[in-house]
Amino acid sequence: MAPRLIAELTVRGETVAVAESLTGGLVVSELVEVPGASAVVRGGVVAYATPIKASVLGVSSSLLAERGAVDPDVATQMAEGVRTALAVDGVPATWGISTTGVAGPDPQDGKPVGTVFVGIASASGSRAVELHLEGDREAIRRASVSELLVRLLDELATGE
């Protein structure tokens with residue numbers, strides 16, 4: 001998936017910035033394994049601790065206090081925030097993508113293990129997709145990466 005995504009972004013002259021929680025850097029790692037990724041990948045923010053989502057990515061503190069980190073609005077705000085957090089010369093990344101959820105072994109914020117939200121943001125708007133994944137911690141984290149990359153590819157295909 002990552003090679004297709006890097007190729008498509010390169011052809012389009014677009015960039016991507018990544019905000020990760022439960023995936024802890026796996027999304028950026030997957031992307032930068034692709035030769036030529038440096039042309040399109042701005043970087044990533046691993047906002048594993050909930051307060052970092054607010055202080056670095058601009059997620060609403062009141063939203064985090066009210067609903068916790070495992071929430072679709074948190075995912076969209078993370079994706080929106082990373083676009084500008086990783087701006088270059090004042091220009092936001094074309095795309096911001098994010099992961100937040102519960103990899104386990106225990107539930108979090110009242111959400112069961114396997115509940116994941118991935119966010120996608122661009123200048124034209126943002127959205128979150130709710131996923132219900134199964135498996136152990138590693139399987140959920142890996143599936144989150146794959147699902148996010150597929151969703152961004154779909155977004156690129158339909159947004160043309």
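## A briefing on the protein chain

Let's start with one residue: Thr23 counts as buried, because its relative accessibility is 0%, below the 20% cut-off used for that label. Keep in mind as you look around that this is a predicted model. The protein chain has six helices and five strands, and the points below go from the overall build to the cores, and then to a few residues worth a visit.

**Overall build**

- Along the sequence, the helices and strands come in the order α-β-α-β-α-α-α-β-β-β-α.
- The protein chain is as compact as a globular protein of its length, because its radius of gyration is 14 Å, close to the 15 Å that the globule rule gives for 160 residues.
- Taken along the principal axes, the box filled by the C-alpha atoms is roughly 40 × 30 × 25 Å.
- Among contacts with a separation of 6 or more, 63% join residues that are 24 or more positions apart.

**Surface and charge**

- Buried residues make up 48% of the 160 in the protein chain.
- The accessible surface is about 7200 Å², and carbon and sulfur atoms account for 51% of it.
- There are 12 positive and 20 negative side chains, and the centres of these two sets are 2 Å apart.

**The nonpolar cores**

- As a general background point, nonpolar side chains tend to be buried together in soluble globular proteins.
- The largest nonpolar core here has 31 residues, and those touching the most other members are Leu5, Val16, Val27, Leu31, Ile97 and Leu152.
- At least two residues of this core come from each of these elements: helices H1 (2–12), H2 (26–32) and H6 (137–158), and strands E1 (16–20), E3 (95–101), E4 (115–122) and E5 (125–132).
- H6 gives the largest share of this core, with seven residues.
- For a close look at the packing, pick Leu5: beyond its neighbours within four places in sequence, Leu5 is in contact with Leu31, Leu149, Leu152, Leu153 and Leu156.
- A second core, separate from the one above, has 14 residues, including Ala19, Leu57, Ala69 and Val82.

**Back to Thr23**

- You will find Thr23 in the loop between E1 and H2.
- Setting aside neighbours within four places in sequence, the contacts of Thr23 are Thr99, Arg141, Ser144 and Val145.
- Ala123 makes a handy reference point: Thr23 and Ala123 are 100 residues apart in sequence, and their C-alpha atoms are 24 Å apart in space.

**Backbone details in the loops**

- Most peptide bonds are trans, and most residues other than glycine have a negative phi.
- The peptide bond from Gly104 to Pro105 is cis, with omega near 15 degrees, and Pro105 sits in the loop between E3 and E4.
- That loop between E3 and E4 also holds Asp109, a residue other than glycine whose phi is positive, near 55 degrees.
- Asp109 counts as partly exposed, because its relative accessible area is 38%, and that label covers values between 20% and 50%.
- Asp89 also has a positive phi, near 55 degrees, and is likewise not a glycine; look for Asp89 in the loop between helix H5 (72–85) and E3.
- Asp89 counts as exposed, because its relative accessibility is 77%, over the 50% cut-off.

Terms used:
Residues are numbered from 1 along each chain as its sequence is written. This is a predicted model: local features need pLDDT of at least 70, side-chain atom pairs count only at pLDDT 80 or more; totals for chains, interfaces and linings use all residues. Side-chain values use heavy atoms; hydrogens and water are left out. Helices (H or I, at least four residues) and strands (E, at least two) are DSSP runs, numbered from the N terminus. The radius of gyration is taken over C-alpha atoms; the globule rule is 2.2 Å times the number of residues to the power 0.38. Buried means under 20% relative accessible area, exposed over 50%, partly exposed in between (1.4 Å probe, protein chains only). Contact means heavy atoms within 4.5 Å. Accessible areas come from the Shrake-Rupley method with a 1.4 Å probe; for residues, only the protein chains shown count as cover. Lys and Arg count as positive and Asp and Glu as negative; His and the chain ends are not counted. The place of a charge is taken as NZ of Lys, CZ of Arg, CG of Asp or CD of Glu. A nonpolar core is a set of buried Ala, Val, Leu, Ile, Met, Phe, Trp, Tyr and Cys residues joined through side-chain atoms within 4.5 Å.
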